[in-house]
Amino acid sequence: MKKDFKPAILDLGSLQVVLARHFGFCYGVENAIEIAFRAVAENPGKRVFLLSEMIHNPGVNADLQDLGVKFIMDTNGKLLMDWDELTSDDIVIIPAFGTTLELEEKLRAKGIEPSRYETTCPFVEKVWNRAEKIGKDGYTIVVHGKPKHEETRATFSHSKANTATVVVKDMKQAEHLARFIKGELPAEQFYQDFTGQYSEGFQVERDLQRIGVVNQTTMLASETQGISDYLKQVMIEHHQLGAEEIPTRFADTRDTLCYATNDNQSAVQGMLDEEAQLAIVIGGYNSSNTSHLVELCELKLPTYFIKDEKCLISEDKISHYDMHAHSEKESTNYIPPVRPLRVMVTSGASCPDALVERVIERLAEITGNEYAIEAMTEQWTEAQT
Ligand code: SF4
């Protein structure tokens, strides 16, 4: 059945909330949280560590820290403690993005079995399996992802165990890679321009002859599709391939976005068909999938990326993350004097639904519509009983 991506409209009087049809928590995040809490409950008296942030949500990570869980690394892979402090008696949880084969080995060398409390999302594993299959068929893997993101580092590690691998972060880098495919730039330059993004022993002349594209599961679907189509065209033109020869040079990979990323992005597209004065996107500031929802909204209207309801300081002032400047800032007069005011609302895959509810309640409060939301909650409760 075709999915419905039309938003829900909450009419609260002088405030109308245009709520995306799909938003928030995905299967992988729920699964990861459940396993992490179980790890704590099953191991009283033991030290429980998270290899890095569980998911990109400060609230969930703080809840785990309150239980005594400690982080080994930050999201960029920098150690926050001395690795030598770990002992075979410790419990280490692998986060939802998965981890590298190298770190798994390092844990085993310590006597810690990484698969015991592994929360790697099955949709991430699906990408690794796809990369392995294509790699074993003799193609080099091009990973569309953020090179420093945990998931891309994990995918890179798993992919390079089977075949030559290179990461491109965006279309600009894909175009740059194409210049090496076409021999327009000297091969030696590749190693400088893609430092840290290619597998050991990568040989430009040999390893750019047959390629396949996979992606970090939370990238922008349209961008991955664009990169894949572009590189396919480059191979066709450079090698002058007829239709039936294309698979010999370009592995046919449907994009490897997960269902939650797909649905949340499609629901934002559906939401953007409506009219509104501004959009609010809720999620952790280092959340990749949330940042792409922000990018989509920014194309149409003023958009504010916030982490929780406290960011809505007042009707005049908002604290929000500026993705382009990589910093949180305060803006004033973000609510225009239009009534009814229409505000689009959505959230990323690592954002609990309760947080979305609190943001809507706060919006209602600062625009003088708190009674409407109370009445709506009462009506809904009565309808359920
Ligand atoms: S966003 Fe997708 S890949 Fe990431 S944890 Fe959720 S379901 Fe898994």
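A residue counts as near a molecule if one of its heavy atoms lies within 4 Å of it. This is a predicted model, where local features need pLDDT of at least 70, side-chain atom pairs count only at pLDDT 80 or more, and totals for chains, interfaces and linings use all residues. Residues are numbered from 1 along each chain as its sequence is written, and side-chain values use heavy atoms, leaving out hydrogens and water.

**View 1. The shell around the ligand.** Here you meet C26, G28, C121, F123, V124, T217, T218, C258 and A349, the residues around the ligand. This shell holds 6 nonpolar, 3 polar and no charged residues (Ala, Val, Leu, Ile, Met, Phe, Trp, Tyr, Cys and Pro count as nonpolar, Asp, Glu, Lys and Arg as charged, the others, Gly among them, as polar).

**View 2. Helices α3 and α5.** The axes of α3 (residues 101-109) and α5 (residues 150-160) come within 8 Å and cross at roughly 90 degrees, which means that α3 is roughly perpendicular to α5 (65 to 115 degrees). Axes are lines fitted to C-alpha atoms, for helices over the stretch in contact, with angles from 0 to 180 degrees between N-to-C directions; helices are DSSP runs (H or I, at least four residues) and strands too (E, at least two), numbered from the N terminus. L101, E102 and E104 of α3 meet S157, H158 and K160 of α5 (contact: heavy atoms within 4.5 Å).

**View 3. A cis peptide bond.** R339 and P340 are joined by a cis peptide bond, with omega about 0 degrees. Look for P340 in the loop between β13 (327-332) and β14 (341-347).

Definitions and conventions: Parallel < 35°, antiparallel > 145°, perpendicular 65-115°, else oblique.
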